[in-house]
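I opened this entry to look up how charged side chains pair and how neighbouring helices pack. My notes follow in the order in which I looked things up.

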Amino acid sequence: MVVNNLSRILGDRLIKISEVARATGISRTTLTALYYKRCSGVSFETLDKLCKYLDCNVSDLLEYKE
């Protein structure tokens, strides 16, 4: 199972979804779906923007757990 850590990262850094949306151009709808773990996939472009904005690696955002 792939675990999405976006909500934890934003919570730890006290960053709001609206702030990420403004800075990255990613829609609030997409960010909200990722934040609440309601999506089944994410594009490489979205991952790239999030990693650049949060200064992290894909492995920080997504991790594999059995």
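I began with Asp48 in this predicted model, and at 38% relative accessibility I noted Asp48 as partly exposed, because that value lies between the cut-offs of 20% and 50%. Its partner is Lys52, and I found that their side chains meet in a salt bridge with N and O 3.2 Å apart. Lys52 itself counts as exposed, at 61% relative accessibility. The two residues are 4 apart in helix α4, so about one helical turn separates them.

Which other residues of helix α4 did I find in a salt bridge, 4 residues apart? They are Lys49 and Glu45, at 3.4 Å from N to O, and I noted Lys49 as partly exposed at 28%, whereas Glu45 is exposed at 53%.

I then turned to helix α1 (residues 6-13), where Asp12 and Arg8 are again separated by about one helical turn. Their closest N and O atoms are 3.5 Å apart in a salt bridge, with Asp12 exposed at 56% and Arg8 partly exposed at 43%. In total I wrote down 3 salt bridges for the structure.

Last, I looked at helix α2 (residues 17-24) and helix α3 (residues 28-35), which pack at an angle of about 135° with their axes 9 Å apart, and which are therefore oblique to each other. The contact is made by Ile17, Ser18, Val20 and Ala21 of α2, together with Arg28, Leu31, Thr32 and Tyr35 of α3. I sorted these contact residues into 5 nonpolar, 2 polar and 1 charged.

Definitions and conventions: Residues are numbered from 1 along each chain as its sequence is written. This is a predicted model: local features need pLDDT of at least 70, side-chain atom pairs count only at pLDDT 80 or more; totals for chains, interfaces and linings use all residues. Side-chain values use heavy atoms; hydrogens and water are left out. Axes are lines fitted to C-alpha atoms, for helices over the stretch in contact, and angles run from 0 to 180 degrees between N-to-C directions. Angles under 35 degrees count as roughly parallel, over 145 as roughly antiparallel, 65 to 115 as roughly perpendicular and the rest as oblique. Contact means heavy atoms within 4.5 Å. Ala, Val, Leu, Ile, Met, Phe, Trp, Tyr, Cys and Pro count as nonpolar, Asp, Glu, Lys and Arg as charged, and the others, Gly among them, as polar. Buried means under 20% relative accessible area, exposed over 50%, partly exposed in between (1.4 Å probe, protein chains only).
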